[in-house]
Amino acid sequence: MQLTLWTYEGPPHVGAMRIATAMRGVHYVLHAPQGDTYADLLFTMIERSNKRPPVTYTTFQARDLGGDTAQLFKDAARDAYARFQPQAMLVGASCTAELIQDDPGGLTQALALPVPVIPLELPAYQKKENWGAAETFYQLVRHLAVKPTEPRVKGNQPRCNILGPTALGFRHRDDVREIRQLLALIGVAVNVVAPLDASPADLARLADADFNVVLYPEVAHQAAGWMTRNLGLPATKTIPIGAPATREFIREVATLAGIDPDMAAAEAQSRSPWYAKSVDSNYLTGKRVFVFGDATHAIAAARVAAREFGFKVVGLGSYSREFARDVREAAALYGVEPLISDDYLEVEAAIAAAGPELVLGTQMERHIAKRLGLPCAVISAPVHVQDFPARYSPQMGFEGANVLFDTWVHPLMMGLEEHLIGMFRGDFEFHEDAAPSHLGGPAIQAPTAPALIEVQTQHNEESPAAAIPAAWAPDAEKELRKIPFFVRGKARRNTEAYALSMSVPVITVETLYDAKAHFSR
């Protein structure tokens, strides 16, 4: 087992927690030791949920291992049902409790509770969080969805289910709102959104739809496949991230729904394509970008970066090993070597080797980019509390395309501003202590370079004539004129200060570059 500081995914029972917390009327009883009880931290502090997650722990301790831990679980399950009265219960074990082999599913079945009890077999030492979420959702759908006895009679308006959004998902709530609005504009009704805000009763009527919209394959791919085989519901494959992908998504939905959508109405809110083609964005063309995240968002982000914003993708990777083939196929489109890894140190080495100008990744890559001095925008979970904004900020649909453009371009713009600030830091007019020009008032005398003050003081005490600036050699003057005019004055002053500090009588080209190296440190 590899010890690490950061992990992209937790154990699979965390994925099960995400499903249970997203839904209504579901309770998760987890056989776990004391110390594994961190669900409250995840959902109330990170996602800032206004309710506690519906998770009950057995929380056995070391001294309990010599007794009947199975009875502890049965008592916890019975008490959880009596207290919360859920419509359905999930039962399972954490990675530590898995070693005890108490069989939570069999123990709960023996209690004969009057609600569906769904056992979860989540191999904690082979699988991880997204797989656990997908397996949990699949088991819920498999146990609760009701197969109709007769074929559904289609109404005047086509209906679909939206599958995949969970608790602790990256912008899932905003994505669902955006896609709901988009479907309404093209004339498609939403039957059920699951698992987010769905109840067991909602899952029972999943078959009362014409097709499924899969937004997050990491969570919904398995359940959608089961519904295609057993309920006859086809599913979308296009992820509507970016303006072109959203148009493709609309065409795919229209085909499944058998309608002719009003594309103009759907695109009315989109400003990203126009701005991406404008003069203002031209200086971003060819910027080198490294992309890493879950497979869905990483593949979509690379496509948006390359095809919509004109960036050059120099790296593409994912920690989603279950979708490694999809990532490899996408990487081949951009001529880069795919990175399939959940080791953040390997990801950091790949970013440093690629030398990008922008990183699109998770909160891990945000830390990596900060250490490397690179701008970064977060595109995928795992994320921190700051990535659950109070404002409406989807990643999908046409409004999501606007959000992506703002989010990705701003770090580059701010990087440019920081570069200019650094460039003008010593300028007599733009130094840090200068008063803002728009406020008016008396001018403040520009500070003298510290090195120049020290040298002038020293030489004034010894010999007043020694403070005279050094002369410029003709070749040095010629080289100085190659520097852009808006920083030429700063370069001249810094070079003269350096020459004075080093007692150089004549400034040559070598002196000019020595001064540049000195003040760059």
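User: Helices (H or I, at least four residues) and strands (E, at least two) are taken as DSSP runs, numbered from the N terminus. With that settled, which element gives the largest share of the lining of the largest cavity?

Analyst: Helix 12 does, with 3 residues. Please note that this is a predicted model. Helix 12 and helix 16 (397-423) are the elements that each give two or more residues to this lining.

User: Which residues line the largest cavity, then?

Analyst: The lining is made of Ile-241, His-297, Ala-300, Ala-301, Ile-379, Gln-395, Leu-404 and Trp-408. By class, 6 of these are nonpolar and 2 are polar, with no charged residues.

User: And how much space lies in it?

Analyst: The largest cavity holds about 40 Å³. The count of cavities of 30 Å³ or more comes to 1.

User: Moving to pockets: what volume does the second largest pocket have?

Analyst: Its volume is about 930 Å³. The lining of this pocket has 34 residues, and those nearest its centre are Pro-217, Lys-237, Ile-239, Phe-323 and Asp-326. Two or more lining residues come from each of helix 5 (129-144), helix 8 (217-230), helix 9 (243-257), helix 12 (295-308) and helix 13 (324-334).

User: Which helix contributes the largest share there?

Analyst: Helix 8 provides 7 residues, the largest share of the lining of the second largest pocket. Taken as a whole, that lining comprises 16 nonpolar, 9 polar and 9 charged residues.

User: Let us stay with helix 8. What distance does it reach from its first C-alpha to its last?

Analyst: Helix 8 reaches 18 Å over its 14 residues, which is close to the 20 Å expected at 1.5 Å a residue. Just after this helix, Gly-232 adopts a positive phi of about 70 degrees.

User: Which of its residues are buried?

Analyst: In helix 8 the buried residues are Pro-217, Glu-218, Val-219, Ala-220, Ala-223, Ala-224, Trp-226 and Met-227. The buried residues of helix 8 pack against helix 1 (12-22), helix 5, strand 5 (159-163), strand 7 (211-214) and helix 12. Pro-217 also appears among the residues nearest the centre of the second largest pocket.

User: Now the overall picture. How many helices and strands are there?

Analyst: The protein has 20 helices and 14 strands. It consists of 521 residues, of which 51% count as buried. Among contacts with a separation of 6 or more, 71% join residues 24 or more positions apart.

User: Which residues have the most contacts inside the largest nonpolar core?

Analyst: Tyr-28, Leu-316 and Trp-408 do, in a core of 106 residues. Trp-408 is also one of the residues lining the largest cavity. Beyond its neighbours within four places in sequence, Tyr-28 touches His-13, Ala-16, Met-17, Ala-20, Pro-54, Val-55, Thr-56, Leu-90, Val-91, Gly-92, Leu-120 and Leu-122. Another core, of 15 residues, lies apart from the largest one and includes Phe-292, Val-314, Ile-351 and Ala-354.

User: On to the backbone. Which residues does a cis peptide bond join?

Analyst: One cis bond joins Ala-194 and Pro-195, with omega of about 5 degrees. Pro-195 sits in the loop between strand 6 (189-194) and helix 7 (200-204). The bond from Ala-381 to Pro-382 is also cis, with omega near 5 degrees. Pro-382 belongs to the loop between strand 12 (376-378) and helix 16.

User: What about phi at Ala-112?

Analyst: Ala-112 has a positive phi of about 55 degrees, although it is not a glycine. Most residues other than glycine have a negative phi. Ala-112 lies in the loop between helix 4 (104-111) and strand 4 (117-119). Leu-168 is another such case, with phi near 65 degrees, and its loop runs between strand 5 and helix 6 (172-185).

User: Why does Ala-112 count as exposed?

Analyst: Its relative accessibility is 63%, and exposed means over 50%. Leu-168, by contrast, counts as buried because its relative accessibility is 13%, and the limit for buried is under 20%.

User: Last one: where is Arg-205?

Analyst: Arg-205 is in the loop between helix 7 and strand 7. With a relative accessible area of 36%, Arg-205 is partly exposed. Its C-alpha lies 6.4 Å from that of Ala-145, although the two residues are 60 apart in sequence. Leaving aside neighbours within four places in sequence, Arg-205 contacts Asn-191 and Val-192.

How values were computed:
Residues are numbered from 1 along each chain as its sequence is written. This is a predicted model: local features need pLDDT of at least 70, side-chain atom pairs count only at pLDDT 80 or more; totals for chains, interfaces and linings use all residues. Side-chain values use heavy atoms; hydrogens and water are left out. On a 1 Å grid over the protein atoms alone, a cavity is a set of points where a 1.4 Å probe fits but cannot get out, and a pocket is an open set with protein on both sides within 12 Å along at least five of seven lines; lining residues have an atom within 4 Å of a point. Grid points are joined across faces, edges and corners, and a volume is the space filled by probe spheres set on the points. Ala, Val, Leu, Ile, Met, Phe, Trp, Tyr, Cys and Pro count as nonpolar, Asp, Glu, Lys and Arg as charged, and the others, Gly among them, as polar. A nonpolar core is a set of buried Ala, Val, Leu, Ile, Met, Phe, Trp, Tyr and Cys residues joined through side-chain atoms within 4.5 Å. Buried means under 20% relative accessible area, exposed over 50%, partly exposed in between (1.4 Å probe, protein chains only). Contact means heavy atoms within 4.5 Å. The expected span of a helix is 1.5 Å times one less than its number of residues.
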